[in-house]
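Trainee: I am new to this structure and would like to go through it with you step by step. Could we look at it together before I ask my questions?

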Amino acid sequence: MISIRKSSDRGHADHGWLDTRHTFSFADYVDERFMGFQDLRVINEDRVRPGMGFPNHSHRDMEILSWVLEGELEHQDSLGNGSIIRPGELQRTSAGSGVRHSERNPSPVHPLHFLQIWVLPERPGLVPGYEQKAFPEEGRRGQIQLLASSDGRDGSVTIHQDVRLYDALWQGGETLTHPLDPGRSAWVQVARGRVELEGQTLETGDGAAVTGEKRLAMTGEPGSEALLFDLN
């Protein structure tokens, strides 16, 4: 079964410096029907104005992933990490027993557009950690690329939960397929473009919950991109 979550139905807040859309309940946006999906808790699509960002704040017991679509994201945290995340780079912060961080758009002229993703960890109180890896576009075109997994397989980022995160990037309108093991479900989030998922059309910002399927077939227009969460 496939259930579509339209982009226009998401929560939305415009703070001036930040324009954000929430696939699931977040902050002041609460919808009891959309509190998350399996261990996937947050998908926020954030657009940050030049020179602005999130001030230093704390998190606990959450796996936080950032995937930049346009611009650059500057990260600093209480673990001593400081980095710039660019398109094609995945950042993972394990908040665990507690971490503080700030994230901002370092550019004085260019906007920042990124997806902020939260996944519930396998257990509370993990040792906080940080990881960042690059996945060049030329290696992602025309296929489904593994970005994160519980065991860091195939050069992916390690996430402390039985969740596999993939990126699908279409080159020429090809059909990409992904098998789902028995008992597993999936969430598909379209980052850009248009994707046909098992005969249903998803536009930019749309998401889809997938349950009870053995296989996913996705056909995207050239340049389209979607994130695929394979969930236990």
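Trainee: Which residue in S20 does Val188 stand opposite?

Mentor: This is a predicted model, and in it strand S17 (residues 185-192) and strand S20 (residues 207-210) run antiparallel, joined by four bridges. Across from Val188, the residue that stands in S20 is Ala208.

Trainee: Which strands stand at the edges of the sheet?

Mentor: The open sheet has seven strands with mixed pairing, in the order S1-S20-S17-S22-S15-S13-S14. Each edge strand has a single partner strand, so one side of it is left without a neighbour in the sheet, and these strands are S1 (2-5) and S14 (157-158).

Trainee: Is Ser7 buried or exposed?

Mentor: Ser7 is found in the loop between S1 and strand S2 (11-14), where its side chain makes a polar contact with the side chain of Arg10 at 2.8 Å. The cut-off for a buried residue is under 20% relative accessible area. Because Ser7 has 17% relative accessibility, it counts as buried.

Trainee: Which residues are joined with Asp230 into one network by salt bridges that share partners?

Mentor: Asp230 forms a salt bridge with Arg164, with the closest N and O atoms 3.8 Å apart; Asp230 lies in strand S22 (residues 225-231) and Arg164 in strand S15 (residues 163-169), so the pair ties together parts that are 66 residues apart in sequence. Asp230 also forms a salt bridge with Arg184, where the closest N and O atoms are 2.5 Å apart, and both Asp230 and Arg184 are buried. Through shared partners, the residues joined with Asp230 into one network are Asp162, Arg164, Asp181 and Arg184.

Definitions and conventions: Residues are numbered from 1 along each chain as its sequence is written. This is a predicted model: local features need pLDDT of at least 70, side-chain atom pairs count only at pLDDT 80 or more; totals for chains, interfaces and linings use all residues. Side-chain values use heavy atoms; hydrogens and water are left out. Two strands pair if DSSP finds at least two bridges between them. Helices (H or I, at least four residues) and strands (E, at least two) are DSSP runs, numbered from the N terminus. Buried means under 20% relative accessible area, exposed over 50%, partly exposed in between (1.4 Å probe, protein chains only). A polar contact is a pair of N or O atoms within 3.5 Å; within protein, one must be able to donate a hydrogen and the other to accept it, and residues adjacent in sequence count only if both atoms are side-chain atoms. A salt bridge is a side-chain nitrogen of Lys or Arg within 4 Å of a carboxyl oxygen of Asp or Glu.
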